[in-house]
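The following paragraphs offer a guided reading of a protein structure, moving from its interior to its surface. Please keep the sequence and the structure in view while reading.

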Amino acid sequence: MNPRLTVATAGRVLRQIRHDPRTIGLLVVVPCVLIGLLAWIYGNTPVFDQIGAPLLGVFPFVVMFLVTSIATLRERRTGTLERLLTLPLGKGDLLGGYALAFGALAALQAVVATAFALGLLGLDVAGNSWLLLLVAVVNSVLGTALGLFLSAFAATEFQAVQFLPAFVLPQFLLCGLLVSRDQLPTALHALSAVLPLSYAVDAMRTITTDPAGTASVLADLAIVLAFAIAALAGGAATLRRRTP
């Protein structure tokens, strides 16, 4: 990988997104609206404090997955990727640039959503607030990496959207947010152990309940990062130089 080419690719992607206010709104505003709606629904109850922190990881994950997969597929369909790969630009440079650009947006999204939940909504967590932000950022990066990887298997934007219920919804159901993973049937518990969102939710729950759980949170984060790196490597391996 060439760092100069990677940074140049990231700059091009960010310049394109800067001129797309709807995408910026989806990235920054929608997670805050969803979290605010949840706080409103469960006002004057302890429910928001229990599930608000895990959802700070789930919402950015879903949004970044959707935006990244569609944006990457759009560039493939318009021939942009094919033209770029005729230049002295490696697959690693290209995927690294996309990951860097969307990772920066993911960080912005996580900072805004976390500040909104802690500052305006009064979300109460037992652990360190910076850990909450770190998990939200890493989970957003995971959504970015999976979106880049799975976009290679979609031929249209509609197919890219279909990956959302196919690959994201099962993780949402089994990550321990709705039912504790320990209470799942044996087969489903084993399946949840190989899904990255499970570890992100575990980390968020630890931050919510255990002020001394930093080591456990960092261990879960390492697993989530490993999934993200594997997804990026898979995306580089499946990236085609020609658009079918």
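The second largest cavity has a volume of about 30 Å³. The model in which this cavity appears is a predicted one, and the structure holds two cavities of 30 Å³ or more. Which residues line the second largest cavity? Its lining is made by Gly127, Asn128, Leu131, Thr206, Ile207, Asp210, Pro211, Gly213, Thr214 and Val217. Two elements, helix H9 (196–209) and helix H10 (214–238), each give two or more residues to this lining. Sorted by class, the lining comprises four nonpolar, five polar and one charged residues.

A second place to examine is helix H3, which spans residues 47–77 and contains glycine 52. Is glycine 52 buried or exposed? Its relative accessible area is 3%; because buried means under 20% relative accessible area, glycine 52 counts as buried. In space, the C-alpha of glycine 52 lies 7.8 Å from that of alanine 39, while the two residues are 13 apart in sequence.

The surface offers another feature for inspection. Helix H2 covers residues 21–41, and isoleucine 41 lies in this helix. The relative accessibility of isoleucine 41 is 56%; since exposed means over 50%, this residue counts as exposed. Isoleucine 41 also takes part in a nonpolar surface patch, which it makes together with Leu37, Trp40 and Tyr42. The area of this patch is about 480 Å².

How values were computed. Residues are numbered from 1 along each chain as its sequence is written. This is a predicted model: local features need pLDDT of at least 70, side-chain atom pairs count only at pLDDT 80 or more; totals for chains, interfaces and linings use all residues. Side-chain values use heavy atoms; hydrogens and water are left out. Patches are made of residues with over 30% relative accessible area and no salt bridge: like charges are joined within 9 Å, nonpolar side chains (Val, Leu, Ile, Met, Phe, Trp, Tyr) within 5 Å. Accessible areas come from the Shrake-Rupley method with a 1.4 Å probe; for residues, only the protein chains shown count as cover. A salt bridge is a side-chain nitrogen of Lys or Arg within 4 Å of a carboxyl oxygen of Asp or Glu. Helices (H or I, at least four residues) and strands (E, at least two) are DSSP runs, numbered from the N terminus. Buried means under 20% relative accessible area, exposed over 50%, partly exposed in between (1.4 Å probe, protein chains only). On a 1 Å grid over the protein atoms alone, a cavity is a set of points where a 1.4 Å probe fits but cannot get out, and a pocket is an open set with protein on both sides within 12 Å along at least five of seven lines; lining residues have an atom within 4 Å of a point. Grid points are joined across faces, edges and corners, and a volume is the space filled by probe spheres set on the points. Ala, Val, Leu, Ile, Met, Phe, Trp, Tyr, Cys and Pro count as nonpolar, Asp, Glu, Lys and Arg as charged, and the others, Gly among them, as polar.
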